[in-house]
Amino acid sequence: MIRHLKVIVGISILGLLAGCVTPPPRADYTKFRGENPKALLVVPVVNRSVDVDAPDYFLSTISRPLAERGYYVFPVHLVKRVMEEEGLADADMVHSNDPRKLAKMFGADAVLYVSIERWDAQYALITTTVTVDLKYEIRSGATGEVLWGSQQKIVYQPQSSNSGNPLADLIAKAIIAAIEKAKPNYIPLARQANAQAVYQLGRGLPAGPYDPKYQVDKDQF
């Protein structure tokens with residue numbers, strides 16, 4: 001009887017604790033709303049992963065969600081080429097540069113900086129875990145101040161179907177893991193991270209001037 005009572009009390013406490021869990025606080029959009037950026041400049045990405053191709057792959061995923069959110073986005077590969085011609089080929093150098101100068105080069109309202117913290121696949125015999133971890137920061141082209149920021153980490157572990165034959169399933173999992181290790185597909189994960197960063201209510205980006213919700217979504221952002 002006492003044992004059952006302890007279990008009930010324990011479940012009740014867990015329920016109370018779960019009820020006390022609150023969502024992350026809403027971001028402060030005061031500076032962002034004050035600046036009201038319309039044109040965003042996405043500068044070359046800082047790559048802290050071991051994949052040298054990660055920045056180029058990532059750049060192919062970022063323009064669309066920003067444009068769909070209602071912002072004008074300068075063509076990312078053109079921006080990269082222009083900066084290389086101006087002696088800013090190194091992404092770390094670009095990120096340490098004054099955002100006001102970078103914005104002035106293109107006539108942008110704000111600058112989006114992205115750093116790739118992780119872009120890798122870890123192999124463990126019968127499974128491969130693919131991870132994409134990205135940091136985003138928008139700085140004002142007028143003051144250089146941070147207007148918005150986000151960090152998104154997406155982890156994917158491919159699963160094989162269960163055939164009912166343990167040995168066959170084990171072999172299938174090993175094959176899938178080997179294929180994923182040999183050529184992991186990071187693009188869907190990057191797109192998911194971008195979507196979460198841009199669209200998350202209370203944490204993402206308010207609608208831009210080319211979105212019908214522009215200036216009418218203040219209760220959500």
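User: By what classes are the residues that line the largest cavity of this predicted model divided, and how many fall into each?
Analyst: Ala, Val, Leu, Ile, Met, Phe, Trp, Tyr, Cys and Pro count as nonpolar, Asp, Glu, Lys and Arg as charged, and the others, Gly among them, as polar. The lining consists of Phe32, Arg33, Asn36, Pro37, Tyr71, Pro206, Ala207, Gly208, Pro209, Tyr214 and Gln215. Under that scheme Arg33 counts as charged, and the lining as a whole divides into 7 nonpolar, 3 polar and 1 charged.

User: How much space lies in the largest cavity?
Analyst: With a cut-off of 30 Å³ or more, a search of the whole structure finds 1 cavity. The space in the largest cavity is about 70 Å³.

User: Which handedness does the crossing of α3 and α8 have?
Analyst: Helix α3, residues 54-68, packs with helix α8, residues 187-199, at an angle of about 35 degrees, and their axes lie 9 Å apart. The contact has 9 nonpolar, 3 polar and 2 charged residues, with Tyr57, Phe58 and Ile62 among those from α3 and Ile187, Ala190 and Val198 among those from α8. The crossing of these two helices is right-handed.

User: Which residue in the turn of the hairpin formed by β5 and β6 has a positive phi?
Analyst: Strand β5, residues 128-140, and strand β6, residues 146-156, run antiparallel and are joined by 10 bridges, and Leu134 has Gln152 in β6 as its bridge partner. The hairpin leaves 5 residues between the two strands. In that turn, the residue with a positive phi, of about 85 degrees, is Gly144.

Definitions and conventions: Residues numbered from 1 in each chain as written. Predicted model: local features only at pLDDT ≥ 70, side-chain atom pairs only at ≥ 80, totals over all residues. Heavy atoms only, no water. 1 Å grid on protein atoms, 1.4 Å probe; cavity = no way out; pocket = protein on both sides within 12 Å on 5 of 7 lines; lining within 4 Å. Points joined across faces, edges and corners; volume = space filled by probe spheres on them. Axes fitted to C-alpha atoms, helices over the stretch in contact; angles between N-to-C directions. Helix = DSSP H or I, 4+ residues; strand = E, 2+ residues; numbered from the N terminus. Left-handed = near helix turned anticlockwise from the far one by under 90°. Contact = heavy atoms within 4.5 Å. Pairing = 2+ DSSP bridges.
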